[in-house]
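The following briefing concerns a protein with a bound ligand. It is arranged by topic for reference at the bench.

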Amino acid sequence: MKYDHILIRYGELALKGKNRKDFENKLKENIQFAIREHRTCKVKRTYGRMFIELHDENPNDVLEKLKHIFGISSFSLAMKTENDVEAIKEGALQAFLQREGNNRTFKVSARRSYKPFPIRSQDLNQHVGAHILRNTENVTVDVHNPDVEVVVEVREQGTYITCGRIDGAGGLPVGTAGKVALMLSGGIDSPVAGYLAMKRGAEIEAVHFHSPPYTNERARKKVEDLTNILTKFGGSIRLHIVPFTELQKAIHAHIPSSYSMTIMRRMMLRITERIAQKQDAKAVVNGESLGQVASQTLESMHTINEVTNIPILRPLVTMDKQEVVEVSEQIGTYDISVLPYEDCCTIFLPSDSVTKPRRDKAVRFEEAFDFEPYINEAVQYVETLTIGNEQENKTEQKMNDLL
Ligand code: ATP
Ligand code: MG
(Lines give C-alpha, C1' and ligand atoms only; values in the text may rest on other atoms or scores of the structure.)
(Ligands and ions follow the chains in the order given, each with its own letter.)
Protein backbone atom coordinates (compact mmCIF):
# COMPACT_ATOMS: atom_id res chain seq x y z
CA MET A 1 0.00 0.00 0.00
CA LYS A 2 1.16 3.51 -0.74
CA TYR A 3 -0.15 7.04 -0.92
CA ASP A 4 -2.26 6.97 -4.04
CA HIS A 5 -4.31 10.18 -3.78
CA ILE A 6 -4.04 13.83 -2.91
CA LEU A 7 -6.95 15.26 -0.97
CA ILE A 8 -7.61 18.94 -1.62
CA ARG A 9 -9.58 21.21 0.74
CA TYR A 10 -11.02 24.54 -0.26
CA GLY A 11 -12.89 26.59 2.16
CA GLU A 12 -14.30 29.95 1.22
CA LEU A 13 -17.11 30.12 3.71
CA ALA A 14 -19.33 32.43 1.74
CA LEU A 15 -19.71 30.07 -1.19
CA LYS A 16 -23.28 29.54 -2.12
CA GLY A 17 -25.35 28.44 -5.07
CA LYS A 18 -23.97 29.34 -8.44
CA ASN A 19 -20.84 30.87 -6.94
CA ARG A 20 -19.94 27.56 -5.47
CA LYS A 21 -20.32 25.81 -8.84
CA ASP A 22 -18.17 28.41 -10.59
CA PHE A 23 -15.59 28.18 -7.85
CA GLU A 24 -15.39 24.40 -8.03
CA ASN A 25 -15.39 24.23 -11.81
CA LYS A 26 -12.64 26.81 -12.12
CA LEU A 27 -10.59 25.28 -9.36
CA LYS A 28 -10.77 21.89 -11.01
CA GLU A 29 -9.82 23.37 -14.36
CA ASN A 30 -6.88 25.25 -12.84
CA ILE A 31 -5.63 22.15 -11.06
CA GLN A 32 -5.88 20.15 -14.25
CA PHE A 33 -3.93 22.81 -16.10
CA ALA A 34 -1.23 23.06 -13.44
CA ILE A 35 -0.56 19.33 -13.41
CA ARG A 36 -1.07 18.76 -17.14
CA GLU A 37 2.38 17.21 -17.52
CA HIS A 38 1.32 14.43 -15.19
CA ARG A 39 -0.80 12.74 -17.74
CA THR A 40 -2.10 9.84 -15.70
CA CYS A 41 -3.28 12.01 -12.80
CA LYS A 42 -7.02 12.38 -12.58
CA VAL A 43 -8.86 15.14 -10.74
CA LYS A 44 -12.21 14.29 -9.15
CA ARG A 45 -14.67 16.29 -7.13
CA THR A 46 -16.97 15.04 -4.39
CA TYR A 47 -18.86 16.76 -1.61
CA GLY A 48 -16.75 19.80 -0.98
CA ARG A 49 -13.43 18.09 -1.61
CA MET A 50 -11.25 17.37 -4.58
CA PHE A 51 -9.08 14.36 -5.07
CA ILE A 52 -6.23 13.68 -7.42
CA GLU A 53 -5.66 10.06 -8.32
CA LEU A 54 -1.90 9.80 -8.57
CA HIS A 55 -1.48 6.53 -10.43
CA ASP A 56 2.22 6.32 -11.25
CA GLU A 57 3.10 9.97 -10.87
CA ASN A 58 5.67 11.26 -8.41
CA PRO A 59 3.60 12.73 -5.55
CA ASN A 60 6.17 15.36 -4.62
CA ASP A 61 6.14 16.94 -8.07
CA VAL A 62 2.37 17.18 -7.97
CA LEU A 63 2.31 18.54 -4.41
CA GLU A 64 4.78 21.25 -5.39
CA LYS A 65 2.49 22.49 -8.17
CA LEU A 66 -0.57 22.59 -5.94
CA LYS A 67 1.10 25.08 -3.61
CA HIS A 68 0.64 27.84 -6.18
CA ILE A 69 -3.01 27.33 -7.01
CA PHE A 70 -5.36 29.94 -5.60
CA GLY A 71 -8.57 28.71 -4.01
CA ILE A 72 -6.97 25.78 -2.18
CA SER A 73 -6.89 26.09 1.59
CA SER A 74 -4.89 22.95 2.28
CA PHE A 75 -4.04 19.55 0.83
CA SER A 76 -2.66 16.21 1.94
CA LEU A 77 -1.32 13.01 0.57
CA ALA A 78 -3.97 10.37 1.14
CA MET A 79 -4.21 6.63 1.10
CA LYS A 80 -7.49 5.16 -0.02
CA THR A 81 -8.87 1.89 1.36
CA GLU A 82 -12.12 0.01 1.22
CA ASN A 83 -14.69 0.69 3.91
CA ASP A 84 -13.57 -2.30 5.92
CA VAL A 85 -12.12 -2.05 9.38
CA GLU A 86 -9.15 -4.36 8.74
CA ALA A 87 -8.27 -2.50 5.54
CA ILE A 88 -8.57 0.83 7.33
CA LYS A 89 -6.31 -0.29 10.20
CA GLU A 90 -3.63 -1.48 7.84
CA GLY A 91 -3.95 1.60 5.65
CA ALA A 92 -3.58 3.90 8.64
CA LEU A 93 -0.48 2.03 9.80
CA GLN A 94 1.09 2.29 6.34
CA ALA A 95 0.17 5.95 6.02
CA PHE A 96 1.82 6.58 9.38
CA LEU A 97 4.97 4.60 8.56
CA GLN A 98 5.42 6.13 5.11
CA ARG A 99 5.10 9.68 6.32
CA GLU A 100 8.36 11.60 6.17
CA GLY A 101 9.81 13.26 9.25
CA ASN A 102 10.06 12.59 12.93
CA ASN A 103 6.99 10.61 13.97
CA ARG A 104 7.19 9.68 17.63
CA THR A 105 3.71 10.58 18.79
CA PHE A 106 0.34 10.49 17.09
CA LYS A 107 -3.36 10.68 17.53
CA VAL A 108 -6.14 9.28 15.39
CA SER A 109 -9.11 11.40 14.30
CA ALA A 110 -11.76 9.36 12.58
CA ARG A 111 -14.75 10.91 10.84
CA ARG A 112 -17.66 8.88 9.57
CA SER A 113 -19.33 10.87 6.80
CA TYR A 114 -20.84 7.66 5.49
CA LYS A 115 -23.33 6.66 8.17
CA PRO A 116 -24.08 3.10 7.01
CA PHE A 117 -20.51 2.23 8.00
CA PRO A 118 -21.09 0.21 11.18
CA ILE A 119 -18.29 1.42 13.44
CA ARG A 120 -18.60 4.74 15.23
CA SER A 121 -15.79 7.29 15.05
CA GLN A 122 -14.77 6.85 18.68
CA ASP A 123 -14.41 3.11 18.29
CA LEU A 124 -12.60 3.47 15.01
CA ASN A 125 -10.09 5.77 16.72
CA GLN A 126 -9.34 3.03 19.21
CA HIS A 127 -9.06 0.21 16.69
CA VAL A 128 -6.71 2.19 14.51
CA GLY A 129 -4.67 3.59 17.41
CA ALA A 130 -4.17 0.16 18.92
CA HIS A 131 -3.11 -1.27 15.57
CA ILE A 132 -0.46 1.42 15.09
CA LEU A 133 0.86 0.94 18.65
CA ARG A 134 1.07 -2.83 18.23
CA ASN A 135 3.09 -2.55 15.01
CA THR A 136 5.61 0.15 15.90
CA GLU A 137 8.29 0.74 18.48
CA ASN A 138 8.91 3.85 20.56
CA VAL A 139 5.71 5.39 19.35
CA THR A 140 3.09 6.73 21.75
CA VAL A 141 -0.25 8.47 21.65
CA ASP A 142 -0.42 12.17 22.41
CA VAL A 143 -3.86 13.65 21.96
CA HIS A 144 -2.81 17.23 22.71
CA ASN A 145 0.30 17.86 20.70
CA PRO A 146 1.04 14.89 18.44
CA ASP A 147 3.77 14.82 15.79
CA VAL A 148 1.23 13.26 13.47
CA GLU A 149 -2.53 13.43 13.28
CA VAL A 150 -3.80 10.37 11.48
CA VAL A 151 -7.09 11.49 9.94
CA VAL A 152 -9.42 8.73 8.82
CA GLU A 153 -12.39 9.83 6.72
CA VAL A 154 -14.97 7.22 5.92
CA ARG A 155 -16.89 8.29 2.82
CA GLU A 156 -19.34 6.47 0.64
CA GLN A 157 -16.84 5.65 -2.09
CA GLY A 158 -14.04 4.63 0.27
CA THR A 159 -11.94 5.67 3.24
CA TYR A 160 -9.22 8.28 2.90
CA ILE A 161 -6.36 8.38 5.38
CA THR A 162 -4.07 11.39 5.69
CA CYS A 163 -1.20 12.26 8.02
CA GLY A 164 -0.72 16.01 8.14
CA ARG A 165 -1.64 18.80 5.80
CA ILE A 166 0.16 21.32 3.66
CA ASP A 167 -1.04 24.93 3.53
CA GLY A 168 -2.53 25.98 0.21
CA ALA A 169 -2.22 29.42 -1.36
CA GLY A 170 -5.66 30.58 -0.19
CA GLY A 171 -7.54 33.19 -2.20
CA LEU A 172 -10.01 32.42 -4.97
CA PRO A 173 -9.52 30.35 -8.12
CA VAL A 174 -8.13 32.44 -10.95
CA GLY A 175 -10.92 33.23 -13.37
CA THR A 176 -13.77 33.36 -10.88
CA ALA A 177 -13.57 37.15 -10.56
CA GLY A 178 -13.44 37.85 -14.29
CA LYS A 179 -10.68 39.55 -16.23
CA VAL A 180 -8.39 42.49 -15.59
CA ALA A 181 -5.80 44.25 -17.73
CA LEU A 182 -2.49 44.29 -15.85
CA MET A 183 -0.08 47.08 -16.76
CA LEU A 184 3.13 45.12 -16.64
CA SER A 185 6.49 46.89 -16.75
CA GLY A 186 9.77 45.10 -16.21
CA GLY A 187 10.02 46.43 -12.66
CA ILE A 188 9.49 44.89 -9.26
CA ASP A 189 6.02 46.17 -8.49
CA SER A 190 3.68 45.32 -11.32
CA PRO A 191 4.29 41.54 -11.32
CA VAL A 192 3.45 41.53 -7.61
CA ALA A 193 0.30 43.56 -8.32
CA GLY A 194 -0.65 40.96 -10.92
CA TYR A 195 -0.02 38.13 -8.49
CA LEU A 196 -2.25 39.73 -5.85
CA ALA A 197 -5.04 40.34 -8.34
CA MET A 198 -4.84 36.69 -9.34
CA LYS A 199 -5.04 35.74 -5.69
CA ARG A 200 -8.52 37.24 -5.54
CA GLY A 201 -9.63 35.34 -8.61
CA ALA A 202 -8.79 37.75 -11.44
CA GLU A 203 -7.64 36.42 -14.77
CA ILE A 204 -4.97 38.58 -16.35
CA GLU A 205 -4.44 40.19 -19.72
CA ALA A 206 -0.96 41.68 -19.47
CA VAL A 207 -0.21 44.96 -21.28
CA HIS A 208 3.34 46.14 -21.82
CA PHE A 209 4.53 49.36 -23.42
CA HIS A 210 7.61 48.93 -25.48
CA SER A 211 9.66 51.64 -27.21
CA PRO A 212 12.08 50.11 -29.66
CA PRO A 213 14.84 50.86 -30.46
CA TYR A 214 15.13 52.78 -27.18
CA THR A 215 14.11 49.70 -25.29
CA ASN A 216 15.68 46.54 -26.60
CA GLU A 217 14.78 42.89 -27.02
CA ARG A 218 16.12 42.09 -23.58
CA ALA A 219 13.58 44.35 -21.95
CA ARG A 220 10.87 42.61 -23.88
CA LYS A 221 12.17 39.17 -23.01
CA LYS A 222 12.14 40.18 -19.36
CA VAL A 223 8.46 40.95 -19.50
CA GLU A 224 7.79 37.64 -21.23
CA ASP A 225 9.71 35.85 -18.48
CA LEU A 226 7.82 37.69 -15.75
CA THR A 227 4.53 36.80 -17.40
CA ASN A 228 5.65 33.22 -17.59
CA ILE A 229 6.23 33.14 -13.83
CA LEU A 230 2.73 34.48 -13.25
CA THR A 231 1.27 31.63 -15.30
CA LYS A 232 2.16 29.13 -12.62
CA PHE A 233 -0.50 30.73 -10.41
CA GLY A 234 -3.34 30.40 -12.86
CA GLY A 235 -2.79 29.20 -16.39
CA SER A 236 -1.72 30.81 -19.62
CA ILE A 237 -1.73 34.60 -19.94
CA ARG A 238 -2.01 36.78 -23.03
CA LEU A 239 0.66 39.45 -23.22
CA HIS A 240 -0.16 42.51 -25.33
CA ILE A 241 2.90 44.43 -26.42
CA VAL A 242 2.14 48.00 -27.39
CA PRO A 243 4.51 49.85 -29.73
CA PHE A 244 4.90 53.12 -27.88
CA THR A 245 7.85 54.83 -29.55
CA GLU A 246 6.03 57.24 -31.86
CA LEU A 247 3.66 58.36 -29.16
CA GLN A 248 6.51 58.95 -26.75
CA LYS A 249 8.32 61.00 -29.36
CA ALA A 250 5.22 63.06 -29.96
CA ILE A 251 4.85 63.70 -26.24
CA HIS A 252 8.50 64.67 -26.04
CA ALA A 253 8.07 67.12 -28.91
CA HIS A 254 4.77 68.72 -27.92
CA ILE A 255 4.36 68.63 -24.15
CA PRO A 256 6.29 70.75 -21.64
CA SER A 257 8.80 68.53 -19.96
CA SER A 258 7.34 68.99 -16.49
CA TYR A 259 4.10 67.38 -17.68
CA SER A 260 5.43 64.74 -20.06
CA MET A 261 5.37 62.03 -17.39
CA THR A 262 1.77 62.78 -16.56
CA ILE A 263 0.67 62.88 -20.19
CA MET A 264 2.55 59.69 -20.95
CA ARG A 265 0.68 57.91 -18.14
CA ARG A 266 -2.61 59.23 -19.42
CA MET A 267 -1.80 57.88 -22.87
CA MET A 268 -0.85 54.51 -21.44
CA LEU A 269 -4.10 54.36 -19.59
CA ARG A 270 -6.17 55.27 -22.64
CA ILE A 271 -4.52 52.52 -24.63
CA THR A 272 -4.84 49.99 -21.82
CA GLU A 273 -8.51 50.80 -21.53
CA ARG A 274 -9.05 50.05 -25.22
CA ILE A 275 -7.28 46.74 -24.91
CA ALA A 276 -9.31 45.97 -21.81
CA GLN A 277 -12.55 46.65 -23.67
CA LYS A 278 -11.54 44.44 -26.54
CA GLN A 279 -10.63 41.62 -24.17
CA ASP A 280 -13.68 42.08 -21.99
CA ALA A 281 -11.57 43.01 -18.97
CA LYS A 282 -13.50 44.95 -16.38
CA ALA A 283 -10.68 46.73 -14.57
CA VAL A 284 -7.08 47.86 -14.91
CA VAL A 285 -4.45 46.74 -12.40
CA ASN A 286 -1.17 48.55 -11.89
CA GLY A 287 1.77 48.47 -9.48
CA GLU A 288 1.37 51.90 -7.97
CA SER A 289 1.95 52.44 -4.28
CA LEU A 290 0.91 55.68 -2.67
CA GLY A 291 3.69 58.22 -2.50
CA GLN A 292 6.40 55.90 -3.76
CA VAL A 293 7.59 58.15 -6.58
CA ALA A 294 6.60 61.46 -8.16
CA SER A 295 4.04 59.90 -10.45
CA GLN A 296 2.33 58.12 -7.57
CA THR A 297 1.18 61.04 -5.45
CA LEU A 298 -2.54 61.40 -4.95
CA GLU A 299 -2.56 64.47 -7.19
CA SER A 300 -0.82 62.49 -9.87
CA MET A 301 -3.21 59.57 -9.62
CA HIS A 302 -6.10 62.01 -9.72
CA THR A 303 -4.89 63.65 -12.89
CA ILE A 304 -3.90 60.44 -14.64
CA ASN A 305 -7.13 58.73 -13.68
CA GLU A 306 -9.21 61.41 -15.38
CA VAL A 307 -8.95 59.78 -18.81
CA THR A 308 -10.90 56.67 -17.89
CA ASN A 309 -13.80 55.58 -15.77
CA ILE A 310 -12.99 51.91 -15.68
CA PRO A 311 -11.89 50.83 -12.20
CA ILE A 312 -8.17 50.94 -11.54
CA LEU A 313 -7.10 48.41 -8.93
CA ARG A 314 -3.87 49.14 -7.09
CA PRO A 315 -3.15 46.09 -4.95
CA LEU A 316 0.11 47.61 -3.67
CA VAL A 317 -1.31 50.97 -2.71
CA THR A 318 -0.66 50.53 1.01
CA MET A 319 2.51 48.50 0.84
CA ASP A 320 6.06 49.64 1.58
CA LYS A 321 8.69 48.85 -1.01
CA GLN A 322 10.26 46.29 1.29
CA GLU A 323 7.00 44.40 1.62
CA VAL A 324 6.65 44.33 -2.15
CA VAL A 325 10.20 43.07 -2.50
CA GLU A 326 9.49 40.26 -0.07
CA VAL A 327 6.48 39.07 -2.06
CA SER A 328 8.41 39.29 -5.31
CA GLU A 329 11.17 37.13 -3.83
CA GLN A 330 8.63 34.66 -2.60
CA ILE A 331 6.88 34.30 -5.96
CA GLY A 332 10.12 34.23 -7.94
CA THR A 333 9.86 37.45 -9.94
CA TYR A 334 12.47 39.47 -8.04
CA ASP A 335 15.57 38.11 -9.76
CA ILE A 336 14.13 38.87 -13.17
CA SER A 337 12.79 42.28 -12.18
CA VAL A 338 16.18 43.52 -11.00
CA LEU A 339 17.98 42.66 -14.24
CA PRO A 340 19.10 45.92 -15.81
CA TYR A 341 16.96 47.18 -18.64
CA GLU A 342 15.73 50.41 -20.16
CA ASP A 343 12.18 51.25 -19.25
CA CYS A 344 10.20 53.04 -21.95
CA CYS A 345 9.05 55.49 -19.32
CA THR A 346 12.46 56.72 -18.37
CA ILE A 347 14.04 57.25 -21.74
CA PHE A 348 12.45 60.48 -22.79
CA LEU A 349 11.62 61.72 -19.39
CA PRO A 350 13.15 64.75 -17.75
CA SER A 351 13.98 65.13 -14.10
CA ASP A 352 11.72 68.14 -13.62
CA SER A 353 8.38 66.27 -13.50
CA VAL A 354 5.79 68.00 -11.38
CA THR A 355 4.73 66.03 -8.35
CA LYS A 356 1.32 67.68 -8.23
CA PRO A 357 0.06 67.77 -11.80
CA ARG A 358 -3.33 69.39 -12.39
CA ARG A 359 -6.13 68.08 -14.52
CA ASP A 360 -6.88 71.38 -16.24
CA LYS A 361 -3.29 71.83 -17.27
CA ALA A 362 -2.98 68.28 -18.53
CA VAL A 363 -6.08 68.76 -20.65
CA ARG A 364 -4.80 72.04 -22.02
CA PHE A 365 -1.43 70.60 -22.98
CA GLU A 366 -3.05 67.66 -24.71
CA GLU A 367 -5.25 69.97 -26.73
CA ALA A 368 -2.25 71.63 -28.30
CA PHE A 369 -1.56 68.60 -30.48
CA ASP A 370 -3.64 65.87 -32.08
CA PHE A 371 -2.47 62.69 -30.33
CA GLU A 372 -5.42 60.60 -31.45
CA PRO A 373 -3.80 59.17 -34.62
CA TYR A 374 -0.82 58.07 -32.53
CA ILE A 375 -3.03 56.36 -29.99
CA ASN A 376 -4.92 54.60 -32.76
CA GLU A 377 -1.75 53.46 -34.39
CA ALA A 378 -0.31 52.09 -31.15
CA VAL A 379 -3.49 50.15 -30.55
CA GLN A 380 -3.62 48.91 -34.12
CA TYR A 381 -0.16 47.41 -34.00
CA VAL A 382 -0.39 45.71 -30.65
CA GLU A 383 1.29 42.34 -30.79
CA THR A 384 -0.28 39.60 -28.72
CA LEU A 385 1.58 36.56 -27.38
CA THR A 386 0.14 33.72 -25.37
CA ILE A 387 2.54 32.82 -22.59
CA GLY A 388 2.49 29.53 -20.75
CA ASN A 389 0.66 27.46 -23.27
CA GLU A 390 3.22 25.58 -25.28
CA GLN A 391 0.98 24.89 -28.27
CA GLU A 392 -0.17 28.44 -28.65
CA ASN A 393 3.05 30.11 -27.75
CA LYS A 394 3.43 32.02 -30.90
CA THR A 395 2.41 35.41 -32.14
CA GLU A 396 -1.32 35.11 -32.36
CA GLN A 397 -2.45 38.09 -34.26
CA LYS A 398 -1.81 41.62 -35.17
CA MET A 399 -4.86 43.12 -33.64
CA ASN A 400 -5.95 45.11 -36.65
CA ASP A 401 -9.55 44.84 -35.72
CA LEU A 402 -9.12 46.52 -32.38
CA LEU A 403 -10.46 49.90 -33.36
P1 ATP B 1 7.19 48.80 -11.50
O2 ATP B 1 8.16 48.23 -10.53
O3 ATP B 1 5.95 47.96 -11.65
O4 ATP B 1 7.83 49.19 -12.79
P5 ATP B 1 7.55 51.40 -10.46
O6 ATP B 1 7.62 51.52 -9.00
O7 ATP B 1 8.78 51.42 -11.27
O8 ATP B 1 6.66 50.12 -10.82
P9 ATP B 1 6.44 53.30 -12.29
O10 ATP B 1 7.54 53.06 -13.23
O11 ATP B 1 6.08 54.68 -11.91
O12 ATP B 1 6.59 52.58 -10.91
O13 ATP B 1 5.14 52.61 -12.87
C14 ATP B 1 3.93 52.58 -12.18
C15 ATP B 1 3.05 51.52 -12.81
O16 ATP B 1 2.77 51.86 -14.17
C17 ATP B 1 3.74 50.18 -12.90
O18 ATP B 1 3.63 49.46 -11.71
C19 ATP B 1 3.00 49.53 -14.04
O20 ATP B 1 1.77 49.00 -13.59
C21 ATP B 1 2.75 50.70 -14.97
N22 ATP B 1 3.81 50.77 -15.99
C23 ATP B 1 4.95 51.47 -15.95
N24 ATP B 1 5.70 51.26 -17.04
C25 ATP B 1 5.04 50.40 -17.81
C26 ATP B 1 5.28 49.76 -19.07
N27 ATP B 1 6.39 49.99 -19.78
N28 ATP B 1 4.35 48.92 -19.55
C29 ATP B 1 3.23 48.67 -18.84
N30 ATP B 1 2.96 49.22 -17.67
C31 ATP B 1 3.83 50.07 -17.14
MG1 MG C 1 8.84 50.99 -13.37
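In this predicted model, 20 residues surround ligand 1, each with a heavy atom within 4 Å of the ligand. The closest of these residues are Met-183, Ser-185, Asp-189, Ser-190 and Arg-265. Residues are numbered from 1 along each chain as its sequence is written, while chains are lettered from A and ligands numbered from 1 in the order in which they are written. Local features need pLDDT of at least 70, side-chain atom pairs count only at pLDDT 80 or more, and totals for chains, interfaces and linings use all residues, with side-chain values based on heavy atoms and with hydrogens and water left out.

**Polar contacts of ligand 1**

- The side chain of Ser-185 places an N or O atom 2.4 Å from an oxygen atom of ligand 1; a polar contact is a pair of N or O atoms within 3.5 Å.
- Backbone polar atoms also take part: that of Ser-190 is 2.7 Å from a ligand oxygen, and that of Ile-188 is 2.9 Å from a ligand oxygen.

**Cover and shell of ligand 1**

- On its own, ligand 1 has 580 Å² of accessible area, of which the protein covers 90% (Shrake-Rupley method, 1.4 Å probe).
- Two or more residues of the shell come from each of helix H5 (189-199), strand E11 (202-210), helix H8 (257-278) and helix H12 (344-347); helices (H or I, at least four residues) and strands (E, at least two) are DSSP runs, numbered from the N terminus.
- Strand E11 gives the most, with three residues.
- The shell comprises eight nonpolar, nine polar and three charged residues; Asp, Glu, Lys and Arg count as charged, Ala, Val, Leu, Ile, Met, Phe, Trp, Tyr, Cys and Pro as nonpolar, and the others, Gly among them, as polar.

**Annotated domain**

- An unreviewed UniProt entry places the feature "domain: THUMP" at residues 60-165; such annotations may be inferred rather than shown by experiment.
- This span is 32% helix and 30% strand, and its end C-alpha atoms lie 13 Å apart.

**Backbone geometry**

- Most residues other than glycine have a negative phi, and most peptide bonds are trans.
- The peptide bond from Pro-212 to Pro-213 is cis, with omega near 0°, and Pro-213 is found in the loop between E11 and helix H6 (217-231).
- His-55 has a positive phi, near 50°, and lies in the loop between strand E3 (49-53) and helix H2 (59-66).

**Confidence**

- The chain averages a pLDDT of 92, and 95% of the residues score at least 70; pLDDT is the predictor's confidence in each residue, from 0 to 100.
- Over residues 391-403, pLDDT stays under 50.

Technical notes: Contact = heavy atoms within 4.5 Å. Polar contact = N/O pair within 3.5 Å; in protein donor to acceptor, adjacent residues only side chain to side chain.
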